[in-house]
Amino acid sequence: MSQPTCEPLVEAAQKLAQDLDMLEAQLYALEVEGMNQLLPWRYFALQPQVDRLNRKKLALQDAWNRAMNELVVCRSGQSSP
């Protein structure tokens with residue numbers, strides 16, 4: 001059972017995981033849209049949007065990793081560095 005003081009970290013990690021899932025869904029939709037395009041220029045026109053979402057996904061993944069590290073520290077009873 002997590003300590004009550006760790007609950008905000010749990011909630012933050014859950015929120016970040018939900019945001020990552022939403023981004024994955026958006027990326028998948030763009031992938032499907034790109035593959036369904038018969039015109040190559042339209043596929044390439046989607047690429048900047050895919051790149052932007054990938055950058056956002058990497059930033060969210062980093063934030064989730066930090067949140068999980070903080071949660072481990074909190075649950076182990078150590079103070080955060």
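Start with what sits over helix α1: the cover on its buried residues includes α2 (40–45) and α3 (47–76). Keep in mind on this tour that the model is predicted.

**Stop 1: the whole chain**

Color by secondary structure. You should find three helices and zero strands, in the order α-α-α along the sequence. Now switch on the surface. The accessible area comes to about 6100 Å², and carbon and sulfur atoms account for 59% of that. Of the 81 residues in the protein chain, 23% are buried. How are the contacts spread along the sequence? Take those between residues at least 6 apart: 71% of them join residues at least 24 apart.

**Stop 2: helix α1**

Select residues 7–36. That is α1, with 30 residues. Put a distance between its first and last C-alpha and you get 44 Å, close to the 44 Å expected at 1.5 Å a residue.

Which α1 residues are buried? Show Leu9, Val10, Ala13, Leu16, Leu20, Leu23, Leu27, Leu30 and Gly34 as sticks. For contrast, click on Ala12, also in helix α1. Ala12 has a relative accessible area of 33%, so Ala12 counts as partly exposed rather than buried. While you are there, draw a line from Ala12 to Met68: the C-alphas are 9.1 Å apart, although the two residues are 56 apart in sequence.

**Stop 3: helix α3**

Next, select 47–76, which is α3. This helix also runs to 30 residues, and its end-to-end C-alpha distance is 43 Å, close to the 44 Å expected at 1.5 Å a residue. Its buried residues are Val50, Leu53, Leu60, Ala67, Leu71, Val73 and Cys74. Part of their cover comes from α1. Just past the helix, stop at Gly77: α3 is followed by this glycine, which has a positive phi, near 85°.

**Stop 4: the largest core**

Hide everything but side chains and pick out Ala13, Leu16, Leu20, Leu23, Leu27, Leu30, Leu46, Val50, Leu53, Leu60 and Ala67. These eleven residues form the largest nonpolar core. Which helices feed it? Both α1 and α3 supply at least two residues each, and α1 gives the largest share, with six.

Zoom in on Leu27 and show its neighbors. Leaving aside residues up to four places away in sequence, Leu27 touches Val50, Leu53, Asn54 and Lys57. There is also a second, separate core of five residues, including Cys6, Leu9, Val10 and Cys74. Two of those names lead straight to the next stop.

**Stop 5: the disulfide**

Select Cys6 and Cys74. How many disulfides does the model have? The count is one, and this pair makes it, with the sulfurs 1.9 Å apart. The pair bridges distant parts of the chain: Cys6 belongs to the segment before α1 and Cys74 to helix α3, with their positions 68 residues apart in sequence. Check the dihedral about the S-S bond and you will read -100°, a left-handed link. Are these cysteines buried or exposed? Cys6 and Cys74 are both buried.

**Stop 6: the salt bridges**

Now for charged side chains. Opposite charges can pair when the charged atoms come close. Here the count is two salt bridges.

Begin with Asp19 and Lys15, whose closest N and O atoms are 2.7 Å apart. Both residues sit in helix α1, four residues apart, or about one turn of the helix. Lys15 is partly exposed, because its relative accessibility is 45%.

Then move to Lys57 and Glu24, where the N to O distance is 2.3 Å. This bridge links distant parts of the chain, with Lys57 in helix α3 and Glu24 in helix α1, 33 residues apart. Why does Lys57 count as partly exposed? Its relative accessibility is 25%, and buried would need a value under 20%. Glu24, at 36% relative accessibility, counts as partly exposed too.

Before you leave, keep Lys57 selected and bring Leu27 back. Lys57 was one of the residues that Leu27 touches, and it also pairs with Glu24 in the salt bridge you have just looked at.

Terms used. Residues numbered from 1 in each chain as written. Predicted model: local features only at pLDDT ≥ 70, side-chain atom pairs only at ≥ 80, totals over all residues. Heavy atoms only, no water. Expected span 1.5 Å × (residues − 1). Buried < 20%, exposed > 50% of the residue type's maximum accessible area, 1.4 Å probe, protein only. Contact = heavy atoms within 4.5 Å. Areas by Shrake-Rupley, 256 points an atom, 1.4 Å probe, with all protein chains shown as cover. Disulfide = S-S within 2.5 Å. Core = buried A, V, L, I, M, F, W, Y, C linked by side-chain atoms within 4.5 Å. Salt bridge = Lys/Arg side-chain N within 4 Å of Asp/Glu carboxyl O.
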